[in-house]
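Colleague: Hey, could you walk me through this protein chain? I'd like to see how you get from the picture to the answers.

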Amino acid sequence: MQKALILEDNPEALAWIERRFKNVFPDASIVPAITIQQAQNSLSQHTFNMALIDLQLPDGSGLDVIKQINQTDPTLTCIVITIYDDDAHLFPALQAGAHGYLLKDMPSEQFESRLKLTASGEPALSPTIARKIIKHFERSHLSQPSHNLTNREQEVLIFIAKGLTSKEVASLLEISNYTVKEYIKNICNYSPPPQLINLMKGDVIRHKS
């Protein structure tokens with residue numbers, strides 16, 4: 001049975017995420033947390049299959065929780081649930097160990113569809129985020145050709161960006177669903193060089209000040 005930690009400080013957003021999760025996993029047990037401290041306490045008291053984590057929290061960044069989980073229980077699936085669709089939030093989250101990145105403004109049906117795929121081991125990426133990754137690698141290929149996706153990974157990512165599921169992509173490309181999932185995992189494991197990560201973090205700080 002699924003048991004999920006949901007770290008979200010906005011009551012309305014928390015209720016929305018809980019409804020979406022219950023629609024996908026009706027028998028699941030949910031433990032909510034509104035602060036990092038509460039989340040850490042819950043992680044020490046419960047065993048979870050999944051953690052849905054907001055990035056901006058009253059007592060810090062959700063990235064710290066993702067890093068902690070990956071150090072203590074790397075089998076736990078961490079999915080970022082956020083309003084931020086920019087590179088400065090996306091790539092640090094993937095680098096920290098997030099298995100997926102979903103946006104709160106996604107249509108409910110699409111959100112649930114992506115969430116459901118995580119049960120079979122597929123990273124959850126919203127189409128908007130897939131398009132962001134495509135643009136990132138288009139830019140990085142011009143400046144650093146070694147930081148690039150394979151042709152097949154690009155094909156898979158383009159279809160995900162159009163809203164297709166892994167099963168639909170597999171059918172179109174005439175490959176197995178398992179192979180598509182592995183391509184998506186590889187894409188999520190790519191990350192910008194540390195210098196770029198630092199620049200993006202600095203950009204976030206400048207926008208907040």
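Modeller: Sure, and one term up front: a residue is called buried when its relative accessible area is under 20%. Keep in mind that this is a predicted model.

Colleague: What share of the residues in the protein chain is buried?

Modeller: We apply that under 20% cut-off to the residues. The protein chain has 209 residues, and the buried share comes to 49%.

Colleague: Which strand does E1 join with five bridges?

Modeller: Start with E1 itself, residues 3-7, where four of the five residues are buried. Leucine 5 stands opposite valine 31, which belongs to E2. From E1 the chain passes through helix H1 (residues 11-24) in a right-handed β-α-β crossover before reaching E2. The strand that runs parallel to E1 and shares five bridges with it is E2.

Colleague: And in E3, what is the bridge partner of leucine 7?

Modeller: E3 covers residues 50-53 and runs parallel to E1, with four bridges between them. Look in E3 for the residue paired with leucine 7, and you land on isoleucine 53.

Colleague: Why does the largest nonpolar core lie between domain 1 and domain 2?

Modeller: That core has 64 residues, and among those touching the most other members are Leu52 and Ile133. The core lies between the domains because both give residues to it: domain 1 (3-120) and domain 2 (127-207).

Colleague: Which residues does leucine 52 contact, beyond its neighbours within four places in sequence?

Modeller: Leucine 52 is one of the core residues touching the most other members. Setting those sequence neighbours aside, its contacts are Leu5, Ile6, Leu7, Ile17, Phe21, Ile79, Ile81 and Leu115.

Key
Residues numbered from 1 in each chain as written. Predicted model: local features only at pLDDT ≥ 70, side-chain atom pairs only at ≥ 80, totals over all residues. Heavy atoms only, no water. Buried < 20%, exposed > 50% of the residue type's maximum accessible area, 1.4 Å probe, protein only. Core = buried A, V, L, I, M, F, W, Y, C linked by side-chain atoms within 4.5 Å. Domains from an automatic or database assignment. Contact = heavy atoms within 4.5 Å. Helix = DSSP H or I, 4+ residues; strand = E, 2+ residues; numbered from the N terminus. Pairing = 2+ DSSP bridges. Right-handed = clockwise from strand over helix to strand, strands pointing away.
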